[in-house]
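Here's a quick briefing to read alongside the sequence and the 3D view. Have a look at the fold first, then come back for the details.

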Amino acid sequence: MRHIISILIENESGALSRVAGLFSARGYNIESLSVAPTEDASLSRMTLVTSGSDEIIEQITKQLNKLIEVVKLIDISESAHIERELMMLKARVTGAAREEIKRLADIFRGNIIDVTPSTYVIELTGEKSKLDAFIQAVDERAIIEVVRSGTTGILRGDKGLRL
C-alpha cells in the first residue's frame, strides 16, 4: 500500500542524508521525496512517499522517530488529505500540433509557461494519476523532457503537522 509520510525535521545539513540512509540501509524504496523550509526557518517539512505493508510502515515511522533531527511525523495517507504534484513537460510543437497541445493543456487545466517557435513548456498540477494521464495523451514523439516535483500533501480540516 502507498503511504505519504509528512515529517517536520530540523533544517540542518545532513538531515536529509540520514533519512535517505535509513531507507537504503533497510532496503526500502522512496517513490517520491520533497523537502522545503516551513514558516519557521529552523524547520523543514519533508514529504516522503513509499510503499509497504502496515508492519513495514510502522517500522519505518519508528526508525524515523529515532533520528535526532526528526521533530514530528505523521502518515497523512491514514486520514483525509489533499495531495498534489507539479509537472513541467517540454514538447516539440510545430504546425497543427501547436493547437492540439494547447487544447490538451486546457482540458487538463495546465498552463503553457514558455513558448518558442518549436516548443511549449506546459505546467500541470494535480494528483499523480492526472499527470500520468496527460503524459499518455501527448504523442510520445513530441515529448522532449518531463520534470516532476514529487508528491506533497496536507491533512484536511483542523488537524495538521505542527509543534
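Are Phe23 and Tyr28 buried or exposed? Both residues are buried. Keep in mind that this is a predicted model. Below are the overall build, one helix and the aromatic pairs.

**The chain as a whole**

- The protein chain has 4 helices and 9 strands, and along the sequence they run β-α-β-β-α-β-β-α-β-β-α-β-β.
- Its C-alpha atoms fit a box of roughly 55 × 35 × 30 Å along the principal axes.
- Of the 163 residues in the protein chain, 37% are buried.
- The accessible surface adds up to about 9400 Å², and carbon and sulfur atoms account for 50% of that.
- Take the contacts between residues at least 6 apart in sequence: 73% of them join residues at least 24 apart.

**Helix 3, inside and out**

- Helix 3 covers residues 96-107, which makes 12 residues. From first C-alpha to last it reaches 17 Å, close to the 16 Å expected at 1.5 Å a residue.
- The buried residues here are Ile101, Leu104 and Ala105. Looking down the axis of helix 3, the buried residues sit within an arc of 100°, so they line one face of the helix.
- An α-helix has 3.6 residues a turn, so residues three or four places apart point the same way.
- Ala96, Asp106 and Ile107 are exposed on the other side of helix 3.
- What lies over the buried residues of helix 3? The cover includes strand 6 (111-115), strand 7 (119-126) and helix 4 (128-137).
- After helix 3 comes Arg109, with a positive phi near 55°.

**Aromatic pairs**

- The count is 2 aromatic pairs.
- Phe23 and Tyr28 form one of them: the ring centres are 6.3 Å apart and the planes sit at 75°, so the pair is edge-to-face, given that planes over 60 degrees apart count that way.
- Phe108 and Phe134 also pair up, with centres 5.2 Å apart and planes at 80°, so this pair is edge-to-face too.
- The Phe108 and Phe134 pair links distant parts of the chain: Phe108 is in the loop between helix 3 and strand 6, while Phe134 is in helix 4, 26 residues apart.
- Why does Phe108 count as buried? Its relative accessible area is 16%, and the cut-off for buried is under 20%.
- Phe134 counts as buried as well, at 0% relative accessibility.

Technical notes:
Residues are numbered from 1 along each chain as its sequence is written. This is a predicted model: local features need pLDDT of at least 70, side-chain atom pairs count only at pLDDT 80 or more; totals for chains, interfaces and linings use all residues. Side-chain values use heavy atoms; hydrogens and water are left out. Helices (H or I, at least four residues) and strands (E, at least two) are DSSP runs, numbered from the N terminus. The expected span of a helix is 1.5 Å times one less than its number of residues. Buried means under 20% relative accessible area, exposed over 50%, partly exposed in between (1.4 Å probe, protein chains only). The arc is that of the directions from the helix axis to the C-beta atoms. Contact means heavy atoms within 4.5 Å. Rings of Phe, Tyr and Trp (its six-membered ring) pair if their centres lie within 6.5 Å; planes under 30 degrees apart count as stacked, over 60 as edge-to-face and the rest as tilted. Accessible areas come from the Shrake-Rupley method with a 1.4 Å probe; for residues, only the protein chains shown count as cover.
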